[in-house]
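Please open the structure in your viewer and keep the sequence panel beside it. This tour suggests what to select at each stop and describes what can be found there.

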Amino acid sequence: MNTTHEARAIDAGVLKQLRERDDAGLARQSVIDPQGGAPLRCCLRHSEAGERIVLVSYAPLRRWAAETGVDPGPYDECGPVFIHADECGGQTSGPGYPAELHGARRVLRAYSAEGHILGGTLIEIPTERAAEVDSALRGVFADPAVELVHVRAVEFGCFMVEIRRG
């Protein structure tokens, strides 16, 4: 059974669409981030002070469902994510959980190939031990019914990153 996994930033084509009109159908205004620290879903790192970013509505399961030909059903959610206001040439995918997204409570929300939610696993990702989340993800992917995992912030429910089998 394959339990390797890959973190996936939002696809460049989707980012282009989101910058024009987000998944809520709105054109959003960019801002200069005065302090930095916003978790960017385009390159899977935190913003730096002075970078131009935009907060957009994003429907990750809807996008995955369109790609795979599945109906997202009632699990189709649209929520806020930060992205660079312009193309950044950031990471599109990579093995394991991105260490840059550490330091908070997260839920690993597992979905089947049919787009049905299979459950969630609550984890704490301490700054000094960010790699431990990979062990939790291997545990989630040990279930052969799990097709993908959405990592979400517990406090606000924000989508952080999509993890797929590697």
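The stops below go from the whole chain to salt bridges and then to single residues.

**Before you start**

This is a predicted model, in which local features need pLDDT of at least 70 and side-chain atom pairs count only at pLDDT 80 or more, while totals for chains, interfaces and linings use all residues. Residues are numbered from 1 along each chain as its sequence is written, and side-chain values use heavy atoms, with hydrogens and water left out.

**Stop 1: the whole chain**

Select the protein chain and show it as a cartoon, in which you can look for 3 helices and 11 strands. Here helices (H or I, at least four residues) and strands (E, at least two) are DSSP runs, numbered from the N terminus. If you follow the chain from the N terminus, the elements come in the order β-α-β-β-β-β-α-β-β-β-β-α-β-β. The radius of gyration, taken over C-alpha atoms, is 15 Å, close to the 15 Å that the globule rule gives for 166 residues, so the chain is as compact as a globular protein of that length; the globule rule is 2.2 Å times the number of residues to the power 0.38. Switching to a C-alpha trace, you will see a body that spans about 45 × 40 × 25 Å along its principal axes.

Now colour the chain by accessibility: buried residues make up 43% of the 166 residues, where buried means under 20% relative accessible area, exposed over 50%, and partly exposed in between (1.4 Å probe, protein chains only). Among contacts (heavy atoms within 4.5 Å) between residues at least 6 apart in sequence, 65% join residues at least 24 apart.

**Stop 2: charges and salt bridges**

Next select the charged side chains, counting Lys and Arg as positive and Asp and Glu as negative, with His and the chain ends not counted. The protein chain has 18 positive and 24 negative side chains, and the centres of the two sets lie 2 Å apart, the place of a charge being taken as NZ of Lys, CZ of Arg, CG of Asp or CD of Glu.

How many salt bridges does a search of the whole structure find? The search finds 10, a salt bridge being a side-chain nitrogen of Lys or Arg within 4 Å of a carboxyl oxygen of Asp or Glu.

Select Arg63 and Asp23, whose side chains meet in a salt bridge at 2.6 Å, N to O. This pair links distant parts of the chain, with Arg63 in helix α2 (residues 60-68) and Asp23 in the loop between α1 (12-20) and β2 (31-32), 40 residues apart. Asp23 is buried, at a relative accessible area of 14%.

Move on to Arg164 and Glu162, which form a salt bridge of 2.5 Å, N to O. Arg164 is buried at 14% relative accessibility, and Glu162 is buried too, with a relative accessible area of 6%. Add Glu67 to the selection, and you have a network of salt bridges that links Glu67, Glu162 and Arg164.

**Stop 3: strand β1**

Select His5, which lies in strand β1 (residues 5-8) and is buried, with a relative accessible area of 7%. Which residue, 160 residues apart from His5 in sequence, lies 4.3 Å from His5 in space, C-alpha to C-alpha? That residue is Arg165. Leaving aside neighbours within four places in sequence, His5 is in contact with residues including Gly94, Tyr97, Leu137, Phe141 and Ile163.

**Stop 4: helix α3**

From His5, step across to Leu137, found in helix α3 (residues 132-141). Is Leu137 buried or exposed? At 0% relative accessibility, Leu137 counts as buried. Apart from residues up to four places away in sequence, Leu137 touches His5, Tyr97, Leu108, Val149 and Ile163. The C-alpha atoms of Leu137 and Tyr97 are 8.5 Å apart, although 40 residues separate the two along the chain.

**Stop 5: strand β3 and the loop after it**

Finally, select Leu40 in strand β3, a buried residue with a relative accessible area of 0%. Not counting residues up to four places away in sequence, Leu40 touches several others, among them Arg45, Ile53, Phe82 and His84. Then choose Leu44 in the loop between β3 (36-40) and β4 (45-48), where phi is near 55°, a positive value in a residue other than glycine. Leu44 also counts as buried, at 1% relative accessibility.
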